[in-house]
Amino acid sequence: MKYEKEDLSLENGLKKEWIITNGIGGYSSSTIIGANTRKYHGLLVAPLLPPGNRQLILSKLDESIEIGEKKYNLYTNVCENYISDGYKQLISFEKEYIPIFTYQVENVIIKKFICLEYGKNLVSIYYYVKNMGDEAILNIAPIINFRDFHSVNENDNIKFIQYIDKNKVKLIMNDNFQNPIYFYSSDGEYIKHEYDIFKNMYYIEEEKRGQKAKENHVVPGVYKIKIGAQEEKSFTFVCSLEQNIEEVDAKELINKEIIRLSTLIYNTDLLDDKKKESKDTNYINLVKNFVIATDNFVVYRPAFALYTLIAGYPWFLDWGRDTLIAFEGILLKTRRFKKAKEVLLTCIRDMKYGLVPNRIFWL
């Protein structure tokens with residue numbers, strides 16, 4: 001899907017959401033204008049006990065660009081009485097395999113690619129900037145939390161400690177030394193913030209559901225990346241619960257994920273050249289979207305060393321009833337037979353330990 005500038009109004013942009021997943025229950029999700037409208041939105045929602053115990057780690061990245069004496073916000077945030085207007089700089093949003101945001105400010109084009117590493121709690125954001133004008137500075141501020149994804153953090157005094165090694169930061173939230181957060185930028189200078197709390201981010205979809213809708217986050221610092229006059233450059237931002245993030249090549253990670261998904265599509269045989277309908281563009285797009293969408297629900301459960309099916313995003317984990325209802329469409333139609341066998345074994349194991357009522361196991 002692709003939305004051009006005329007489709008990216010505030011009203012339209014707040015209604016349309018995207019999601020990508022990492023194969024172990026974690027995900028990245030927001031709206032097509034980058035504003036979080038749910039407490040479940042975030043660039044990195046990571047399961048500590050895959051696929052469960054999901055925690056919001058990286059809520060979002062707030063970017064802005066300075067050109068001469070002017071500063072333009074690229075981010076859009078909803079607060080109770082104010083909405084920032086970064087969506088006005090957004091000229092397109094598209095998602096086939098991964099979400100891609102394209103901004104234009106004066107003579108500067110900024111493309112932002114978001115990708116999760118499959119099987120790991122790691123999100124990588126790849127930036128490509130083409131500056132056809134004067135020197136500029138791109139600011140990237142990570143908005144971070146560490147809380148259960150079903151809750152909101154209303155704490156006005158969030159404790160955090162950061163250890164800085166050039167552009168790599170190790171962040172300890174609320175004395176949680178067992179689960180440090182790491183983030184890193186391959187370019188720019190990191191400016192530490194001593195105490196910076198983003199107060200009262202407002203989730204309009206939670207308010208509609210009668211849930212708590214205001215939340216506080218940490219802004220530990222900001223990366224300042226210089227963009228020379230008439231310069232093209234690319235760089236990477238990475239956030240993870242794993243330590244060696246400076247070794248991540250975002251472009252390679254994106255290519256790897258596209259190849260993985262393309263292979264899944266090819267292996268279904270639904271685009272077999274012998275099938276007449278496979279030559280129809282609408283049919284091809286339908287198959288691609290179907291396979292990519294179904295792949296989001298297939299996750300690995302390390303405790304069993306088996307695969308299972310998530311019942312739905314963003315709320316649910318794996319339920320035996322929902323697994324069996326979706327079993328044919330997600331696993332058999334797409335010819336993922338090996339994973340289908342493992343998913344059935346997971347259901348049987350759930351029954352054995354009393355996690356799934358016997359009456360729903362009807363196959």
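This short talk describes the fold of one protein chain, its aromatic pairs and a few residues with notable backbone geometry.

Good morning. Please keep in mind throughout that the structure before you is a predicted model.

I begin with the chain as a whole. The protein chain contains six helices and 23 strands. Its radius of gyration is 21 Å, and the globule rule for 363 residues also gives 21 Å, so the chain is as compact as a globular protein of that length. Taken along the principal axes, the C-alpha atoms occupy a box of roughly 65 × 50 × 40 Å.

How much of the chain is buried? Of the 363 residues, 53% are buried. The exposed area of the protein chain is about 17100 Å², and 50% of that area comes from carbon and sulfur atoms. As for contacts with a separation of 6 or more, 62% are between residues 24 or more positions apart. The charged side chains number 49 positive and 49 negative, and the centres of these two sets lie 6 Å apart.

I turn now to the aromatic rings. To describe a pair of aromatic rings, one gives the distance of the centres and the angle of the planes. Across the whole structure, the search finds 17 aromatic pairs. One of them joins tryptophan 18 and phenylalanine 101: the ring centres are 6.5 Å apart and the planes meet at 70°, so this pair is edge-to-face, the term for angles over 60 degrees. Which strands does the pair link? Tryptophan 18 belongs to strand β2, residues 17–21, and phenylalanine 101 to strand β10, residues 99–105; the two are 83 residues apart, so to speak in distant parts of the chain. Tryptophan 18 is buried, because its relative accessible area is 3% and buried means under 20%. Phenylalanine 101 is also buried, with a relative accessible area of 3%.

A second example is the pair of tyrosine 223 and phenylalanine 237. Here the ring centres are 6.1 Å apart and the planes stand at 75°, so this pair too is edge-to-face. Tyrosine 223 sits in strand β20, residues 221–227, while phenylalanine 237 sits in strand β21, residues 232–240, 14 residues apart. Both partners are buried: tyrosine 223 has a relative accessible area of 0%, and phenylalanine 237 has 1%.

There is also an aromatic cluster, formed by Tyr40, Phe149, Trp315, Phe316 and Trp319. Phe149 leads us to proline 47, since the C-alpha atoms of proline 47 and phenylalanine 149 are 9.6 Å apart in space, although 102 residues separate them in sequence. Proline 47 lies in strand β4, residues 42–49, and is buried at 1% relative accessibility. Leaving aside residues up to four places away in sequence, proline 47 touches Ile24, Gly25, Gly26, Gly52, Asn53, Arg54 and Asn121.

Two loop residues deserve a moment. Is threonine 37 buried or exposed? At 0% relative accessibility, threonine 37 is buried, and its place is in the loop between β3 and β4. Among the residues that threonine 37 touches are Leu14, Thr31 and Tyr203. Glycine 312 is found in the loop between β23 and α5, and at 10% relative accessibility it is buried. From C-alpha to C-alpha, glycine 312 is 9.3 Å from asparagine 296, which is 16 residues away in sequence.

Finally, the backbone. Most residues other than glycine have a negative phi, and most peptide bonds are trans. Where are the exceptions in this model? One cis peptide bond joins proline 50 and proline 51, with omega about 0°; proline 51 is in the loop between β4 and β5. Another cis bond runs from tyrosine 313 to proline 314, with omega near 0°, and proline 314 is in the loop between β23 and α5.

As to phi, glutamate 106 is not a glycine, yet has a positive phi of about 50°. Glutamate 106 is located in the loop between β10 and β11 and is partly exposed, at 40% relative accessible area. Aspartate 175, likewise not a glycine, has a positive phi of about 60°. Aspartate 175 lies in the loop between β15 and β16 and is partly exposed, at 43%.

Thank you for your attention.

Methods. Residues numbered from 1 in each chain as written. Predicted model: local features only at pLDDT ≥ 70, side-chain atom pairs only at ≥ 80, totals over all residues. Heavy atoms only, no water. Helix = DSSP H or I, 4+ residues; strand = E, 2+ residues; numbered from the N terminus. Rg over C-alpha atoms; globule rule 2.2 N^0.38 Å. Buried < 20%, exposed > 50% of the residue type's maximum accessible area, 1.4 Å probe, protein only. Contact = heavy atoms within 4.5 Å. Areas by Shrake-Rupley, 256 points an atom, 1.4 Å probe, with all protein chains shown as cover. Lys, Arg positive; Asp, Glu negative; His and termini not counted. Charge placed at Lys NZ, Arg CZ, Asp CG, Glu CD. Phe/Tyr/Trp six-rings, centres within 6.5 Å; stacked < 30°, edge-to-face > 60°.
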